[in-house]
Amino acid sequence: TQRKLADLELAKSEERMRSLLMGAPVGILIIDLDGRFTFAGGRVFDEMLIDAQKLVGAAVTDAVADRPDFAAFLAAGAAHDVRADFEARGRTFDVLSGPFRLGPDGPVIGVRTVAFETTERVEADRALRQSEAVFRVLFEQSAAGIALQDVAREGIPTKVRWNRRMREMLGNSEDLDDASWTDFLEVGARAETEGEYGRLLSGESDEVRQRLRLVRRDGSTIW
């Protein structure tokens, strides 16, 4: 009787675990040492309209015959942990695979693989890179002089980025890469200008508009 109760409790526990895995927002695969799927589940399969249960019992070489790169990735997971991005049906996945053991020191009994969908993140990264590329073009090709500088970090000033036109206006000085924009202000205007920008950074003002005369390294001036 006790054995039957233990077996029943174990079956219930396994079913709860299976339900948890099947409903997880990932894709989970387990492959035995013979190269066959023993488990496939997770919401990723449902979202891609793939019947995960049809994979169970199938050989990896047959199930992913059209993706030799993925088959090789799964095979590599039998020896050590591997990670890579894969695209399938217009979606991108971060996939982790590695040896499957029943315990930390137990023998390898197969390969376990988990896939997380990262389509939105990848698309956001791609959009960000495109936006940055457009900004760089506009920044460098602008007919106006532009200087960009991040807020100082821990009191350490950050380098100024000068666009091509600004470099020309300042005489293409060789030390521009290590210069601060305040280096080109007239001495009498520095305190007032730094005060204006200090109020801007603290939120006391929304913008700064000034008519300033800049002094090049050779002493000549520009407005």
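**Packing around Phe-73 and the strands beside it**

Setting aside neighbours within four places in sequence, Phe-73 makes contact with Val-82, Arg-83, Ala-84, Phe-86, Val-95, Leu-96 and Ser-97. These contacts come from a predicted model, and they offer a handy way into the fold.

Phe-73 also figures in the largest nonpolar core, a set of 19 residues in which Leu-29, Phe-70, Phe-73 and Val-95 touch the most other members. Two or more residues of this core are supplied by each of β1 (27-32), β2 (37-41), α2 (43-47), α4 (68-76), β3 (82-88), β4 (91-101) and β5 (108-117). Helix α4 gives the largest share, 3 residues. A second core, separate from this one, holds 10 residues, including Val-160, Phe-184, Leu-185 and Ile-222. In soluble globular proteins, nonpolar side chains tend to be buried together.

Turning to the strands, β4 and β5 pair in the antiparallel sense over 9 bridges, and a hairpin of 6 residues joins β4 to β5. Within this part of the model, Arg-101 stands opposite Val-108 in β5. Strand β5 also pairs with β1, again in the antiparallel sense, over 6 bridges; here Ile-28 is found opposite Val-114 in β5.

For the protein as a whole, the secondary structure amounts to 7 helices and 9 strands. Of its 223 residues, 26% are buried. The accessible surface is about 15300 Å², with 53% of that area belonging to carbon and sulfur atoms. Among contacts between residues at least 6 apart in sequence, 30% link residues at least 24 apart.

Methods
Residues numbered from 1 in each chain as written. Predicted model: local features only at pLDDT ≥ 70, side-chain atom pairs only at ≥ 80, totals over all residues. Heavy atoms only, no water. Helix = DSSP H or I, 4+ residues; strand = E, 2+ residues; numbered from the N terminus. Buried < 20%, exposed > 50% of the residue type's maximum accessible area, 1.4 Å probe, protein only. Contact = heavy atoms within 4.5 Å. Areas by Shrake-Rupley, 256 points an atom, 1.4 Å probe, with all protein chains shown as cover. Core = buried A, V, L, I, M, F, W, Y, C linked by side-chain atoms within 4.5 Å. Pairing = 2+ DSSP bridges.
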